[in-house]
Amino acid sequence: MKNNRLSQLLFTFMKIGLFTFGGGYAMIAMIEDLCVEKKKWITHDEMMNITVIAESTPGPIAINCATYVGYRQAGLVGAFAATVGIVLPSFCIIYIISVFLENFLEIQWITHAFWGIQCAVGLLIADAALTMIKKMNKKPVPITLLIVSFGVMCASNLAGWQISSIQLMIAAALVGLFIFYLLPNHLKRGGKAQ
Amino acid sequence: MIWELFFGFLRVGCFAFGGAYGAIPLIREVVLNHGWLTDESLTYLIGVSESTPGPIMVNLATYIGSLEAGLPGALLATVAVVLPSFLVILAVTALLENFLKKGWVQALLRGLKPCLTGIILATGCYMIWQSCFSLEPGFQIQPRPLLLTCILAGAMAVFPKLRHKKLSPISLILLSCVLGIVVYGV
C-alpha cells in the first residue's frame, strides 16, 4: 500500500515535471489539476496556502509545492519521492542537450536563432518584473525600496559597483523588519507609557 | 571546482525568492564571478531553460553544472539548488506551521519583495541594453538586435489585446528564434 502510494507520487510529479514549460506559475496550474482535482491528495485551500508559502520561501516554486504535497501524503519519504519526480525528467533532457550544445552552436542558423532568443530573454525578465509591480502594494516604503534597489542594481551593472544582490536583499529585509515591526512596536509601547 | 559549483548553487537556492526570475540576477552574479560562463552564453542558456520543461532555475543549474564538470557537476549543481527549498518546506510544514504568520517574518518579507522586484527589473533592463547597445569602442547601436527587440516587445504588447491572454514565454522564445534566423540570415 505504502509502496503504491510512493510510486503514485513519483510518477505523478514526473508527469508534471515533463510537461510544464515556462516555470513556476505554469506548474502550479498543473499541480492544482492533478493533485487537487484528479487525485484529491490535498484540498483547494491547502493548495492556496502552499502557493503563499512557496512564494515567501526561497527556491523554485514547483519544488516547494512538490515537497509539501509529498510530505502530506507520505511523510519524509513522500517528500523525497515527489521532489525527485519533479526534477528527474528535465534533468535527463537537459543533460543530453548540454552534451551536444557545442555542436549545435556550430550550425549557422541555430546560432542566429540563439541571437534572437537573447533579445527575448531580457524582455521576458523585464515583463515578469512589471507584472510584479502591477500586483504590488503601492505605498511609499515599498516604492522607495523598489526604486533604490533598481538604481543600485543598475549602477552595479553599468559602473561596476561591488554590491551583490544578496547584500541588497539582506539590507531590504532589515529595513522591512525595522519599519514594519520594530518601529510600530516601539511606538505602541511609547504610547502606553504616556 | 565541483565543490565550488555545489556551494555556488547552494547560495542561489538559499536566496532565490519569488521563483525563476528572482533567481536569474543571483545566478548571473555567481556564474560571472566564478568565470564559469560569459554573459552571452549565460543568456543563451536562460533561453534554452525557458524552452525545456521543468523549473527554470533547476534547468539552469543542470546546464551549467554539466558544461563545467560533466555528469557529476550536473548532479551536484541540481541537488544544491533544490536542497534549500526542500529543507525549508519540510521545516515549515513539519515544525513551524505558523512561522510565516509571525509579525517579524511578515515584516522581513515586506521589505524583501519590493527590493527583489527592483533587482529583477534592473537585470531585465540591463540585458536588453546589453544586446542592443555597446560601449566598446564608444557608444554604438546594434541595429539588428534593436529591431528584433522592438518587434518582440510590440508582439508582447499587442497580443493580450487580441487574445485576452498573455503571450506565453515559450511562444515568445519560438518567435524570437524565427525572427533571429530571418534577421541575421539576410
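Ile120(B) sits in helix α5 of chain B, and in this predicted model it offers a convenient place from which to begin reading the structure. Because 28 C-beta neighbours lie inside 10 Å of Ile120(B), and 20 or more are enough for a residue to be called buried, this residue counts as buried. Leaving aside residues up to four places away in sequence, Ile120(B) touches Tyr21(B), Gly22(B) and Pro25(B) in chain B, and also Ile125(A), Ala128(A) and Ala129(A) in chain A. The position of Ile24(B) shows how folding brings together parts of a chain that are far apart in sequence: Ile24(B) and Ile120(B) are 96 residues apart along the chain, yet their C-alpha atoms are separated by 7.8 Å.

The contacts of Ile120(B) with chain A lead on to the interface between the two chains. Here 88 residues of chain B are in contact with 76 residues of chain A. On the side of chain B that touches chain A, the elements giving two or more residues are α1 (2–15), α2 (19–34), α3 (39–51), α4 (56–94), α5, α6 and α7 (169–185) of chain B. Which of these elements gives the most to that side? It is α5(B), the helix that holds Ile120(B), with 24 residues. When the residues of this side of chain B are sorted by type, 59 are nonpolar, 26 are polar and 3 are charged.

Helix α5 of chain B, which covers residues 103–132, also packs against helix α6 of chain B, residues 143–163, and the axes of the two helices are 7 Å apart and form an angle of about 140°. An angle has to be over 145 degrees to count as roughly antiparallel, and therefore α5(B) and α6(B) are described as oblique to each other. From α5(B), the contact is made by Ile128(B), Ser131(B) and Cys132(B), while α6(B) provides Pro145(B), Leu146(B) and Thr149(B). Of the residues in this contact, 4 are nonpolar and 2 are polar, with no charged residue among them.

Further along α6 of chain B we find Phe159(B), which has 17 C-beta neighbours inside 10 Å and so counts as partly exposed. The C-alpha atoms of Phe159(B) and Arg144(B) are separated by 22 Å, although the two residues are 15 apart along the chain.

Stepping back to chain B as a whole, we find 7 helices and 2 strands, arranged along the sequence in the pattern α-α-α-α-α-β-β-α-α. Its C-alpha atoms fill a box of roughly 60 × 45 × 35 Å along the principal axes, and 51% of its 186 residues count as buried. Among contacts in chain B between residues at least 6 apart in sequence, 51% join residues that are at least 24 apart.

Chain A, by contrast, has 7 helices and 0 strands, so that its pattern along the sequence reads α-α-α-α-α-α-α. Its radius of gyration is 22 Å, well over the 16 Å that the globule rule gives for 194 residues, and chain A is therefore more spread out than a compact globule. The C-alpha trace of chain A spans about 65 × 55 × 25 Å along its principal axes, and 42% of its 194 residues count as buried. The domain assignment divides out domain 1 (1–103) and domain 2 (137–194) of chain A, and the C-alpha centres of these two domains lie 33 Å apart.

Technical notes: Residues numbered from 1 in each chain as written. Chains lettered and ligands numbered in written order. Predicted model: local features only at pLDDT ≥ 70, side-chain atom pairs only at ≥ 80, totals over all residues. Axes fitted to C-alpha atoms, helices over the stretch in contact; angles between N-to-C directions. Helix = DSSP H or I, 4+ residues; strand = E, 2+ residues; numbered from the N terminus. Parallel < 35°, antiparallel > 145°, perpendicular 65-115°, else oblique. Contact = placed C-beta atoms within 7 Å. Nonpolar A, V, L, I, M, F, W, Y, C, P; charged D, E, K, R; others polar. Rg over C-alpha atoms; globule rule 2.2 N^0.38 Å. Buried ≥ 20, exposed ≤ 12 C-beta atoms within 10 Å, placed from the backbone. Domains from an automatic or database assignment.
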